[in-house]
Amino acid sequence: MAIYSKKVYLEPSMLCAFIDRAHPKHEQATAFFRFFAQEEYTLFTDSINVTDAYNTIYRDISPSLAKDFLRTVALSNINVIYPEEADMKAALKALVNYKSTELTFQKALVAVLANKRGISQIA
């Protein structure tokens, strides 16, 4: 039987889909969070993803809900990772050396932070 990590890195789109009941993937996001809670997964995100989700909620839904989102993240068991200088440099190096234009800085940073902490799943 394969042993897998019970760590998940949350992207801003997952956070927004969970918050926004009108989002087309709200039901999926709700099911994911329910599964993560039942199976006792450790959840991670980074400060850039929190900021991105906050800005999206602020712009697309309401400023007060965006503030509630930040309060909820602060009170939740989601581990917010703060990139160090070495993480930023590693993400920049990956971005510069990657041949395709599909890789964004945010995706490169998520990959670096997830790899550093042994997180193999990104939602």
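## A guided tour from aspartate 87

Select aspartate 87 first: apart from neighbours within four places in sequence, its contacts are Leu109, Val112, Leu113 and Lys116. The model on display is a predicted one. Aspartate 87 belongs to helix H5, which comprises residues 85-97. Its relative accessibility is 3%, and aspartate 87 therefore counts as buried, the limit being under 20%. Next, display the backbone of glutamate 84: its nitrogen is 2.9 Å from a polar atom of the aspartate 87 side chain.

**Helix H6**

Continue to helix H6 by selecting residues 105-116. The helix has 12 residues, and the distance from its first C-alpha to its last is 16 Å, close to the 16 Å expected at 1.5 Å a residue. Which residues of H6 are buried? They are Ala108, Leu109, Val110, Val112, Leu113 and Ala114. Leu109, Val112 and Leu113 were encountered above as contacts of aspartate 87. To see what covers the buried residues of H6, display the elements that include strand E1 (7-9), E2, H3, E3, H5 and strand E4 (121-122). Then step just past the end of H6 to glycine 118, where phi is positive, at about 70°.

**Helix H4**

Now select residues 63-75, which form helix H4. This helix contains 13 residues and spans 19 Å from first C-alpha to last, close to the 18 Å expected at 1.5 Å a residue. Colour Ala66, Phe69 and Val73, which are buried in H4. These residues lie on the same side of H4, because they cover an arc of only 50° around the axis. Rotate the view to the other side of H4, where Ser64, Lys67, Ala74 and Leu75 are exposed. The cover over the buried residues of H4 includes helix H1 (12-19), helix H3 (47-60) and strand E3 (79-81).

**Tyrosine 41**

Move next to tyrosine 41, in the loop that lies between helix H2 (26-38) and strand E2 (42-46). Is this residue, tyrosine 41, buried or exposed? With a relative accessibility of 8%, tyrosine 41 counts as buried. A distance label between the C-alpha atoms of tyrosine 41 and lysine 7 should read 5.6 Å, although the two residues are 34 residues apart along the chain. Leaving out residues up to four places away in sequence, tyrosine 41 touches Tyr4, Ser5, Lys6, Lys7, Val8, Phe35, Phe36 and Gln121.

**The whole chain**

Finally, clear the selection and view the entire protein. Its secondary structure consists of 6 helices and 4 strands. Traced along the sequence, these elements follow the pattern β-α-α-β-α-α-β-α-α-β. The protein is as compact as a globular protein of its length, because its radius of gyration, 15 Å, is close to the 14 Å that the globule rule gives for 123 residues. Aligned to the principal axes, the box filled by the C-alpha atoms is roughly 40 × 40 × 25 Å.

Three totals complete the view. Of the 123 residues in the protein, 33% are buried. Among contacts with a separation of 6 or more, 69% join residues 24 or more positions apart. With the surface displayed, the protein exposes about 8000 Å², of which carbon and sulfur atoms supply 56%.

Methods:
Residues are numbered from 1 along each chain as its sequence is written. This is a predicted model: local features need pLDDT of at least 70, side-chain atom pairs count only at pLDDT 80 or more; totals for chains, interfaces and linings use all residues. Side-chain values use heavy atoms; hydrogens and water are left out. Helices (H or I, at least four residues) and strands (E, at least two) are DSSP runs, numbered from the N terminus. The expected span of a helix is 1.5 Å times one less than its number of residues. Buried means under 20% relative accessible area, exposed over 50%, partly exposed in between (1.4 Å probe, protein chains only). The arc is that of the directions from the helix axis to the C-beta atoms. Contact means heavy atoms within 4.5 Å. A polar contact is a pair of N or O atoms within 3.5 Å; within protein, one must be able to donate a hydrogen and the other to accept it, and residues adjacent in sequence count only if both atoms are side-chain atoms. The radius of gyration is taken over C-alpha atoms; the globule rule is 2.2 Å times the number of residues to the power 0.38. Accessible areas come from the Shrake-Rupley method with a 1.4 Å probe; for residues, only the protein chains shown count as cover.
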